[in-house]
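Have the structure open in a viewer and follow the stops below in order. Each stop says what to select and what is there.

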Amino acid sequence: LTYKHIRHGMVLACTVIGVDNSKQVVNVEFCNALRGHVSILHLDEVPPKNLDEPQIVAKFRIGSQHKCRVLSCIAYKKSVNLTAKPSLVESVIRPQRQRRPTTARRDAAGGGGAMTVSDWNPPLNTISGAVIFKMNDVVGYVVVHFYNAVTAVIPGKDLKFNGYLKKPSQEFYLGQTITVRVVQCNGQSKRMLCSLNLNADEDAIRMAAAAMGMKQQQQLQHQVQMFWCRIVQKRDDCFVVKRIAEHDENHSEDEEEEGNEDEEEDGNKREKDENTKLDELLKYSILPFEHFCDSSAHSTQLVDANAFLIGDKLQVFKLQQLRLNKGSIEKQLAAQTKFIQSLGLSSNAVQFNGDGDGDDDADDRRI
């Protein structure tokens, strides 16, 4: 047996030949005088803090024999990294390059935390044993390793989802053997993400719920949107307002008229598609008289006193948006056009009676 013949996962009968306190390793020797080392994290299930502890000195005295499993081997450096953890040495699962997730899950459950990952491209949802060798309390993540020095990160979000709310150092310890599931891997960049949740279906449900919550949050932000508009019509109980483009908010009316003329010229050159027509129709909104201030009575008095005139520029909140029926764009256009016609308006014929020479800032209102 030579270093070239050593593979990860092999179980070897090793003899202790020395202890290196500076490197925190125990040097061992096995067949044909080949040498390797066992790091302090792999001496026992619960690693010692240092190699001077009495139980470690008694267990790993020079000449004592132990069964160790190969974690990695670099033949040209003659470097063999081994583990003496009983959970890894006595496991009946040998590492394989290609394992189906269902098989890996069944074997890991029966093997008691046995390692099955040995490269950077394992099948997704592969369940394997892993050893913690690094923790970050500031960011809140845990780093584990497998065979062949393959490492993976367990994000802080996953730790909290599985009930580990404290700092990683208060929940785990270095050298602890845990069971994880591979959720993402990239062989080219040598990056891997793992999860403590071994149920892939439950994880998928959680991600779907998170996506749904994000969608609801975006809808809520969309509902309370603030925008600028102009009054285009006065009705018995409300004003009809038309939304103003954001880039036109700080422009004067003369600049707006010039921009509209340019847009009309460009529009004559090309045909507007149906989506553009729908966006044009959605610019109209209803502003009830009762929503001009906190008091409905005071709002009515302001309207009766002609405090707000057609052409005035207002800044308002959107409380509710009309929901169009699912269907083709033609049906949506027909539904929205019917709504506009009920107001006595048209998307291309609405004009406001502004003098055009006044200062916009003087008529700007916030509602």
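This is a predicted model. Begin by selecting Leu302, which, leaving aside its neighbours within four places in sequence, is in contact with Ala307 and Phe308. Leu302 belongs to helix 9. Is Leu302 buried or partly exposed? Its relative accessibility is 24%, so Leu302 counts as partly exposed, because buried means under 20%. Now add Phe289 to the selection: 13 residues separate Phe289 and Leu302 along the chain, and their C-alpha atoms are separated by 8.9 Å.

**After helix 9**

Helix 9 covers residues 296–304, and the loop between this helix and strand 14 (313–317) holds Asn306. Select Asn306 and look at its backbone: phi is positive, about 55°, although Asn306 is not a glycine. Most residues other than glycine have a negative phi. With a relative accessible area of 46%, Asn306 is partly exposed.

**Phe227**

Next, select Phe227 in strand 11, which spans residues 226–234. Is Phe227 buried or exposed? Its relative accessibility is 7%, so Phe227 counts as buried. Which residues does Phe227 contact, leaving aside its neighbours within four places in sequence? They are Arg243, Ser285, Leu314, Gln315, Val316 and Lys318. Take Gln315 from that list. Gln315 and Phe227 are 88 residues apart along the chain, while their C-alpha atoms are separated by 5.7 Å.

**The barrel**

Now show strands 1 to 5. They form a closed barrel of five strands in the order 1-2-3-5-4, with mixed pairing. From one strand to the next, the twist averages 50°.

Go round the barrel by its pairs:

- Select strand 1 (residues 11–20) and strand 2 (residues 25–30), which pair in the antiparallel sense over five bridges. Gly18 has Asn27 in strand 2 as its bridge partner.
- Keep strand 2 and add strand 3 (residues 34–39); this pair is antiparallel too, over six bridges. Phe30 has Leu34 in strand 3 as its bridge partner.
- Move to strand 4 (residues 65–74) and strand 5 (residues 79–83), which run antiparallel and are joined by five bridges. Opposite Cys73 stands Val80 in strand 5.

Two of the connections deserve a stop. The hairpin of strand 1 and strand 2 has four residues between the strands, and in this hairpin Gln24 takes a positive phi near 55°. The hairpin of strand 2 and strand 3 has three residues between them, and Asn32 in the turn has a positive phi of about 60°.

Stay in the loop between strand 1 and strand 2 and select Asn21. At 42% relative accessibility, this residue counts as partly exposed. Which residues does Asn21 touch, not counting those up to four places away in sequence? Asn21 touches Leu51 and Asp52. For a distance to check in the viewer, use Asn21 and Ile40: they are 19 residues apart along the chain, and their C-alpha atoms are separated by 9.7 Å.

**The nonpolar cores**

In soluble globular proteins, nonpolar side chains tend to be buried together. To see an example here, select Val144, Phe146, Ile154, Val180, Met192 and Cys194, the residues with the most contacts inside the largest nonpolar core, which has 23 residues. Which strands each supply at least two residues of this core? They are strand 6, strand 7 (141–145), strand 8 (151–154), strand 9 (177–186) and strand 10 (191–195). A second, separate core has 20 residues, including Leu12, Val28, Val38 and Val70.

Return to the largest core and keep Val180 selected. Not counting residues up to four places away in sequence, Val180 touches Thr126, Ile127, Ser128, Ala130, Phe146, Ile154, Cys194, Ser195, Leu196 and Leu198.

**Last stop: Asn125**

Select Asn125, in the loop between helix 3 (101–111) and strand 6 (127–136). Asn125 has a positive phi of about 70°, although this residue is not a glycine. Is Asn125 buried or partly exposed? Its relative accessible area is 25%, so Asn125 is partly exposed.

Definitions and conventions: Residues numbered from 1 in each chain as written. Predicted model: local features only at pLDDT ≥ 70, side-chain atom pairs only at ≥ 80, totals over all residues. Heavy atoms only, no water. Buried < 20%, exposed > 50% of the residue type's maximum accessible area, 1.4 Å probe, protein only. Core = buried A, V, L, I, M, F, W, Y, C linked by side-chain atoms within 4.5 Å. Contact = heavy atoms within 4.5 Å. Pairing = 2+ DSSP bridges. Axes fitted to C-alpha atoms, helices over the stretch in contact; angles between N-to-C directions.
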